[in-house]
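Student: Can we look at the empty spaces in this protein? I'd like to start with what lines them.
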Amino acid sequence: MAASPLETGTETKAPQTARGWESVGAGLTARSLLIAVLLTILAGLWVRQSEIVTLATQVTESIPAIPGLAALVLVVAVNAVLRRIRGVKAFTRAEILVIFLFVTLSSTMMGVGVMQFLFALMGTPFYMDQDTLAKLHPLLPRALMPHDLVAIKHLYERSPDGSVPWHLWWGPMLLWLGFFLALWGTLYCMMALFYRAWAEEERLSFPQVFIPLEMTGGESGVTPFFRNKLMWSGFALAAVYNLINIAHALNPSIPAIGKEIDFFPTAPAPPWSELAPLKFAIRPEMIGLGYLVSTEISLTVWVSYFAQKLVAVMGVSMGVTPGTLPYAQEQGIGAYLTLAVMLIWLSRLYLRRIWRQAWSGREEIGPEGIRYRWAFCGLAVGFLAVWSFMTLAGMAHWVALIYLLLVLAVALVYGRLRAEAGVPLVWLFPYYMQKKVLLYTFGTHPFQAASPTTMPTWALFTFLARGYYPAVTGYQVESMELTRRAQINPRRVLFAICLAIALGFLVGWFNHIVPYYQRGAQNLRGIWGEWIAEPEYDQAVSAISTNTPPQEPKIYATVIGAFVVFALWTLRLRFAGFLLHPMGYVMTCSYGSLIWGPFLVVWLLKSLALRYGGMKFYRTTVPFFLGLALGHFAIAGILWGLTGAWTGSAVQGYPVFFG
């Protein structure tokens with residue numbers, strides 16, 4: 001039986017030659033591909049019921065996506081049975097992990113932050129406030145969105161016979177599929193250029209890979225992970241917490257634990273009113289996986305959050321309008337962009353070295369599945385393809401260029417965040433800011449003056465900033481790390497995850513458009529993102545006649561965010577053991593209200609474990625926290641998510657959202 005990495009404190013070294021990588025576990029076989037495709041189709045039905053029809057639980061927002069984790073649990077369970085049947089070949093670890101990655105990525109494509117948001121952006125200008133938005137119809141790309149008012153009306157209000165006018169949707173579907181594949185390839189090539197520096201030179205921990213690795217750690221029988229009593233203790237704790245809340249949802253007379261603790265149910269008088277809301281989020285999965293994060297990051301998270309609260313209090317006491325400060329998201333985009341530049345700068349020698357290797361003919365295939373030569377070419381060609389798509393759609397060349405660069409910069413930092421911290425939050429980046437930072441810095445005039453179609457088309461591409469597709473870089477680097485640690489053939493893994501993106505998009509497109517036309521999107525509680533899409537198009541209309549000027553307070557906040565990250569990074573480089581980490585600060589700016597509580601807990605627990613028990617004791621306790629995360633995913637995500645998908649009303653008393 002293979003030893004658990006958590007028990008040995010070591011990891012298996014993967015082959016370091018191209019021939020060696022081709023000889024390792026295939027992972028993608030005919031049967032694993034068939035199972036992955038079938039489970040993706042089932043996941044599509046689950047997403048359709050859960051996120052569209054009943055709006056019970058957004059299972060695609062979880063990290064890992066709940067359908068992917070459910071697929072992992074299912075195949076591991078089936079495999080335990082297959083091992084006991086003579087003459088039947090059980091799935092290998094490589095096959096199980098590829099199935100997990102396939103379903104996880106395909107499910108992510110179907111989610112609210114990608115598919116639903118895209119439909120909202122395509123339909124809003126032709127349905128909402130038509131008197132005002134009709135001005136934009138001639139300026140929007142016909143190839144990417146149907147301009148048929150009747151067809152869009154039926155999308156929102158139900159088709160009379162429930163049929164879908166596919167002839168209007170085939171073209172946009174294929175074009176958007178090509179766009180997402182080009183964007184996926186661009187992001188993947190970018191991650192491929194940084195991955196080995198992070199994994200082999202900096203030895204980042206990649207916390208998200210621990211659960212799938214531990215669950216598949218044994219090559220025969222039950223893995224050591226499932227025999228660990230501490231793991232089951234953590235699992236039981238998370239299960240009891242969720243089951244009590246579920247019991248309350250089914251029978252309100254049973255007391256509930258709840259999902260948060262509100263320290264200020266009634267806001268105090270100014271300026272202390274700026275401390276509210278102050279809510280401690282009860283997130284077992286965040287505590288469980290956060291235990292694997294360095295104490296410097298977890299310390300910085302809650303310290304930064306309270307520092308921002310105190311800044312807001314001081315601001316109000318000095319006359320600033322309440323509710324204005326601290327401009328956390330604006331700080332976040334400044335921090336993210338500065339961190340992106342610093343990541344590139346600090347990796348410049350490594351990037352220079354692999355550039356030489358790429359054209360020397362001596363490079364080897366690694367866990368990325370492609371040679372560096374193709375990674376560099378793929379990044380350039382993919383970037384050009386995505387940029388060309390946006391400009392052909394109607395955006396001015398220079399606007400599309402700057403916007404795309406900002407999207408890639410945020411995606412790079414998010415990939416680093418997942419590699420180093422692994423926080424299970426798909427929205428842990430300054431969402432919306434990739435676009436807003438340009439508008440509040442320069443105003444709307446230069447963008448409207450660039451071309452009449454720039455602002456309307458830019459509104460259509462808002463999903464690149466407000467949606468979570470750039471966050472797929474986290475899955476990309478984690479797939480490379482799983483490939484390395486589990487010794488899977490990387491080329492087959494790359495093929496599998498590319499196929500998963502395409503299949504997930506097609507299944508998601510079908511499972512969104514069919515219920516919309518059969519029941520009407522408005523009868524299904526609308527389309528996620530409508531409340532964002534309508535103001536975006538309204539802004540495009542107003543920009544035709546009215547210029548929105550730059551907003552200096554937000555510009556200052558962005559500069560402050562950039563300065564804080566630069567200062568923290570410089571201090572860490574100059575002073576060994578400096579306690580604050582820039583990654584914790586950028587996390588706080590993005591979603592501090594949700595993560596400060598769990599990270600305060602894990603900082604305290606991990607600090608005590610290391611101080612009084614040492615590294616050996618810390619490693620011993622890790623399975624408990626992995627079990628805590630797994631238990632929450634299993635009960636709140638899989639069990640309750642499936643319950644809500646087909647009952648709907650049952651989960652309204654305990655809605656669980658992982659974003």
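Tutor: First, some terms. Ala, Val, Leu, Ile, Met, Phe, Trp, Tyr, Cys and Pro count as nonpolar, Asp, Glu, Lys and Arg as charged, and the others, Gly among them, as polar. Also, this is a predicted model.

Student: OK. How do the lining residues of the second largest pocket divide?
Tutor: There are 22 nonpolar, 11 polar and seven charged residues in that lining.

Student: What volume does the second largest pocket have?
Tutor: About 800 Å³.

Student: Which lining residues are closest to its centre?
Tutor: Tyr305, Tyr591, Gly592, Ser593 and Leu594, out of 40 that line the second largest pocket.

Student: And which elements give two or more residues to that lining?
Tutor: Strand β2 (279-281) does, along with helices α14 (295-317), α15 (328-346) and α27 (582-647). The largest share is from α27, with nine residues.

Student: Switching to cavities. How many of 30 Å³ or more are there?
Tutor: One. The volume of the largest cavity is about 70 Å³.

Student: What lines the largest cavity?
Tutor: Its lining is Pro64, Phe100, Leu101, Thr104, Gln208, Val209, Pro212, Tyr475, Glu478 and Leu482.

Student: Which helices supply at least two of those each?
Tutor: Helix α5 (93-109) and helix α23 (472-486).

Student: How does that lining divide by type?
Tutor: Seven residues are nonpolar, two are polar and one is charged.

Student: Last one. What shows where empty space is left?
Tutor: Rolling a probe the size of a water molecule over the atoms.

Methods. Residues numbered from 1 in each chain as written. Predicted model: local features only at pLDDT ≥ 70, side-chain atom pairs only at ≥ 80, totals over all residues. Heavy atoms only, no water. 1 Å grid on protein atoms, 1.4 Å probe; cavity = no way out; pocket = protein on both sides within 12 Å on 5 of 7 lines; lining within 4 Å. Points joined across faces, edges and corners; volume = space filled by probe spheres on them. Helix = DSSP H or I, 4+ residues; strand = E, 2+ residues; numbered from the N terminus.
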